[in-house]
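Okay, thanks for coming, everyone. I'd like to walk you through one model today, pockets to begin with, then salt bridges, then a helix and a couple of buried residues.

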Amino acid sequence: MHTLFSKSLYPKPNNSTFLCFFSSLSSLTHSRNSNPNSNPSLSSFLVDSVTFSAPQAVSISSRFPSGKSLENPQSVVQFLKQLGFSDADIRSSIQHRPQILFSDVDKTLKPKLQFFQDLGLTGPDLGKFISTNSRVLLYSLERTLIPCVDIIKNTLVNDENNQDLIRVLQGRYLLTSKSESRLKCNIAFLECCGIVGSQLSFLLKRRPWIFSMQEPALRDLVSRVLDMGFSVDSRMLVHAVYTVSCMTGETFSRKIDLFRSFGFSEDECIEMLRRAPRLMGASEAKLKFGMEFFLKDVKLERSVLLRRPTCLMFSMGERILPRYRVLQVLKCKRSLKKEPSLLKVLDLSEEEFLEKFISRFRDDAEELLVVYKGDPLDS
């Protein structure tokens, strides 16, 4: 044992060896922990005041020099909390745009947030809006925000209490540094295509991102619609633009192929779309189910479906099948003097249908209502 642990095998290190070892260890530790951009005071503030996680706080604080005072971030966070922002809203706002921590509260933040409050965004609603749109706090109020909002307000029709305006702004598409020029160009182009007034307002409310598109992309979109046979003087053009805007060319081609698989020619497909542009917005599964039902089960002629393609847009589960079942029961009972057209029955409002085909048959009303609403025991 003594030999194994003899001094000759394990010589005692001298002082210079220890100093060299600890010096190397210290250098290694320092190199791993040091960060020239670290800002520990700001990091601690973000953790303590807004409950950021430590890694998130370090990531954000490292963007600012350690010499920066905490006075501004403290004022910003306190101001946002006074406006009703939750910690989650503040965290999200800072994560998206950390620069707001060092924005001047009185000169920069207050005027912009007051502007949105005057539009109707207050309290928690304002907090939620800014949490996903904090970039707007970095834009110029006079050069960007006010001009863009004015254009949007002037385009919307019958917008009581700015409800539509607020929904459009929450879409995060139309308040950017380039929005004013794009809004003007795209609105002018759409108006040249005959999309004006309430139609333009409809498109802005339903597809606000269209108005932020680059002009060549918007022209290409409208060209695709015009190639389908729509004209600029057709009131259905806006509905076609609305539908095609959310669909790739590949998806559009698949849906055309689906119609053709049921015997419709390409010209007939285009004719159906001209009559009901939003038809192409339905899923392929819904379209297939609808055509199988009307052409195979109900045995409608294709010419009827061609004239009335809108029937494919009704809900199968909530409207088409329930009403069809009621008509079948009445037919079996021979309660109807003349069998009505299913398509006309589908056009009736809920009240009209209940009155004409359920309430008036008092003896069978309960049974018909069960058929209409569906038997809960029948899965």
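Before the pockets, a quick word on classes: Ala, Val, Leu, Ile, Met, Phe, Trp, Tyr, Cys and Pro count as nonpolar, Asp, Glu, Lys and Arg as charged, and the others, Gly among them, as polar. And please keep in mind that what you're looking at is a predicted model.

Right, with those classes in hand, what does the lining of the largest pocket divide into? We get 7 nonpolar residues, 2 polar and 2 charged. The volume of this largest pocket is about 190 Å³. If you want to find it on the screen, look for V298 and L300, then Y324, L327, Q328 and K331, and then the run E339, P340, S341, L342 and L343; those are the residues that line it. Two helices, α18 (316-332) and α19 (342-347), each supply at least two residues of that lining. Which helix gives the most? That's α18, with 4 residues.

Now slide over to the second largest pocket, at about 150 Å³. Its lining is made of S335, L336, K337, K338 and P340, together with K356, F357, R360 and F361. You'll spot P340 here, and P340 is also listed for the largest pocket. By class, this second lining comes out as 4 nonpolar, 1 polar and 4 charged residues.

A brief aside on how such spaces are found. Rolling a probe the size of a water molecule over the atoms shows where empty space is left.

Okay, salt bridges. How many are there? The count comes to 18. I'll go through three of them.

Let me begin with D164 and R167, whose side chains meet at 2.4 Å, N to O. Both sit in helix α9 (residues 163-169), 3 residues apart, so about one turn of the helix. D164 has a relative accessibility of 10%, and because the cut-off for buried is under 20%, D164 counts as buried.

Next up, R219 and E215, with a salt bridge at 2.9 Å, N to O. These two are 4 residues apart in helix α12 (residues 215-227), so about one helical turn separates them. Buried or exposed, or in between, where does R219 fall? R219 is partly exposed, with a relative accessible area of 40%. E215 is partly exposed as well, at 29%.

The third one is R274 with E271, at 2.8 Å, N to O. That pair lies in helix α15 (residues 266-275), 3 residues apart, again about one turn of the helix. R274 has a relative accessible area of 31%, so R274 is partly exposed, and E271, at 24%, counts as partly exposed too. Going back to the earlier pair for a second, salt bridges that share partners join D164, R167 and K205 into one network.

Why does that spacing keep turning up? An α-helix has 3.6 residues a turn, so residues three or four places apart point the same way.

On to helix α2 (residues 40-50). The buried residues here are L42, S43, F45, L46 and V50. They cover an arc of only 160° around the axis, which means they're on the same side of α2. What covers them? The list includes α3 (54-61), α4 (71-82) and α5 (87-96). Flip to the face turned away from the buried side and you'll see the exposed residues P40 and D48. And just after α2, have a look at T51, which takes a positive phi of about 55°.

Sitting in the loop between α1 (15-33) and α2 is N39. At 3% relative accessibility, N39 counts as buried. Leaving out neighbours within four places in sequence, N39 is in contact with S61, F64, P65 and S66. N39 and S59 are 20 residues apart in sequence, and their C-alpha atoms are 9.7 Å apart in space.

Last stop, S201, in helix α11 (residues 197-206). S201 is buried, with a relative accessible area of 1%. Not counting residues up to four places away in sequence, S201 touches T155, L156 and V157.

That's my tour, so over to you for questions.

Notes
Residues numbered from 1 in each chain as written. Predicted model: local features only at pLDDT ≥ 70, side-chain atom pairs only at ≥ 80, totals over all residues. Heavy atoms only, no water. 1 Å grid on protein atoms, 1.4 Å probe; cavity = no way out; pocket = protein on both sides within 12 Å on 5 of 7 lines; lining within 4 Å. Points joined across faces, edges and corners; volume = space filled by probe spheres on them. Salt bridge = Lys/Arg side-chain N within 4 Å of Asp/Glu carboxyl O. Buried < 20%, exposed > 50% of the residue type's maximum accessible area, 1.4 Å probe, protein only. Arc of directions from axis to C-beta. Contact = heavy atoms within 4.5 Å.
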